[in-house]
Amino acid sequence: MQRLLGTFVLILGISGTCFAATVGNPLDIDLPENSAYLRSNVIKQTLDEYEKVAIKGGLDIEIIFNKDLKASEAEVRNAELEGQYYMAKFSTTLYNRIEPYVKVGTSDLEVKWDYGTNNIKVEADSGLVWGVGAKAILYEFKDYGIRLTLDAQYRETDPDISKAKLNGSSVTATDTRFEVKEWQASLLASKKFIVPFGLKDLYIVPYAGLTYSDSEVDVSFNSGGLYDLYVAGDDNNIGIVLGVDVLPSLLSSFLFSLELRLINETALTIGGTIKF
């Protein structure tokens, strides 16, 4: 008994000499099971898996507040396009780097311009719109979690004219034409983040970049004379894009998007995507 007691005292003496006064947490609270590094990997893997889904379907509501146009005819002034696009989008992913897609839906547009002393406004019926495009991952800065992506797309619509106004008064329009063809290429930088909300963490991907776009807007009608936009294009071809994608939770099948385009046009797109 005395030998056991002596051994215990000796251990206490050595402990006190070697380890000073550090005791540690008496409640034994452990660190989280997932380290910061593993948590970062979870974010990447979760959103990467969403991107790898074979087929994705989405719906975009695009609101164009103002898009300035420039016609080949010098007397055409203050031309602009505005309206909405409602488009379903279907895409797939190839080689984990390329995402071709198609879009189909309806347009609700109007164009106005000045010619001489006349102010002209043309409103279109809802018309079929279709488009094709592709996204491709150009490069990933893995140390910073930043991805560079190129997006290129083409869109076209050819609705009927519903109403034409000349100096604020409605006129009868014949021999009408309303065609809009658009194409653009965008270089985007994005980064994935997680916003912690307990069991319902938000996974978000903000992105920003530059876009080059152009269009052919061919609008004309006859009302006691020919009123023609003379196939106008974009007044400014360079713009900026700001957007964010949001995945509501780790198990969500839905991805929500918000995008703002400025300088060459003022437009807002609200969208959602579901994976199959």
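Strands here are DSSP runs of E with at least two residues, numbered from the N terminus. With that in hand, let's work through a few exercises on this predicted model.

**Exercise 1. Get an overview of the chain: how many helices and strands does the secondary structure come to, and what share of the residues counts as buried?**

Solution. Start with the elements: there are two helices and 16 strands. Next, take burial: 35% of the 276 residues count as buried. Then turn to contacts with a separation of 6 or more: 65% of them join residues 24 or more positions apart. Finish with the outside: the accessible surface is about 16,500 Å², and carbon and sulfur atoms account for 60% of that.

**Exercise 2. Find where Tyr144 is placed, and decide whether Tyr144 is buried or exposed.**

Solution. First, locate the residue: Tyr144 is in the loop between β5 and β6. Second, apply the cut-off, by which exposed means over 50% relative accessible area. Tyr144 has 59% relative accessibility, so Tyr144 counts as exposed. Third, look at the company Tyr144 keeps: together with Leu138, Tyr139, Phe141, Ile146, Leu150 and Leu187, this residue makes a nonpolar surface patch of about 670 Å². Last, ask which strands contribute. β5 (127-141) and β6 (146-157) each supply at least two residues of the patch, and the largest share, three residues, comes from β5.

**Exercise 3. Describe the stacked pair of Tyr154 and Trp183, and say which strands hold the two residues.**

Solution. Begin with the total: the structure holds five aromatic pairs. In the stacked pair of Tyr154 and Trp183, the distance is 6.2 Å centre to centre and the angle between the planes is 15 degrees. This pair links distant parts of the chain, with Tyr154 in strand β6 and Trp183 in strand β9 (residues 174-191), 29 residues apart. Now check accessibility: Tyr154 is partly exposed at 23%, and Trp183 is partly exposed at 34%. For a second stacked pair, take Phe221 and Tyr227, at 5.3 Å centre to centre and 20 degrees between the planes. Here Phe221 is buried at 1% relative accessibility, and Tyr227 is buried at 15%. To close, return to Tyr154 and Trp183: along with Trp130, they form one aromatic cluster.

**Exercise 4. Which ring does the charged end of Lys89 sit over, and which ring face does Arg155 lie over?**

Solution. Take the lysine to begin with: the charged end of Lys89 sits over the ring of Tyr101, 4.3 Å from its centre. Then the arginine: Arg155 lies over the face of Tyr85, 3.7 Å from the ring centre.

**Exercise 5. Find the place and the phi value of Asn78 and of Asn96.**

Solution. Asn78 is in strand β2 (residues 76-91), and its phi is near 55 degrees, a positive value in a residue other than glycine. Asn78 has a relative accessible area of 58%, so this residue is exposed. Asn96 is in the loop between β2 and β3 (98-115), and its phi, near 60 degrees, is positive too. At 47% relative accessible area, Asn96 is partly exposed.

**Exercise 6. Where is Asp201 placed, and is Asp201 buried or exposed?**

Solution. Asp201 is in the loop between β10 (193-195) and β11 (202-222). Its relative accessibility is 11%, so Asp201 counts as buried. For a final step, go to Pro248: Asp201 and Pro248 are 47 residues apart in sequence, and their C-alpha atoms are 6.9 Å apart in space.

Conventions. Residues numbered from 1 in each chain as written. Predicted model: local features only at pLDDT ≥ 70, side-chain atom pairs only at ≥ 80, totals over all residues. Heavy atoms only, no water. Helix = DSSP H or I, 4+ residues; strand = E, 2+ residues; numbered from the N terminus. Buried < 20%, exposed > 50% of the residue type's maximum accessible area, 1.4 Å probe, protein only. Contact = heavy atoms within 4.5 Å. Areas by Shrake-Rupley, 256 points an atom, 1.4 Å probe, with all protein chains shown as cover. Patch = residues over 30% accessible without salt bridge, like charges linked within 9 Å, V, L, I, M, F, W, Y side chains within 5 Å. Salt bridge = Lys/Arg side-chain N within 4 Å of Asp/Glu carboxyl O. Phe/Tyr/Trp six-rings, centres within 6.5 Å; stacked < 30°, edge-to-face > 60°. Lys NZ or Arg CZ within 6 Å of the ring centre and 35° of its normal.
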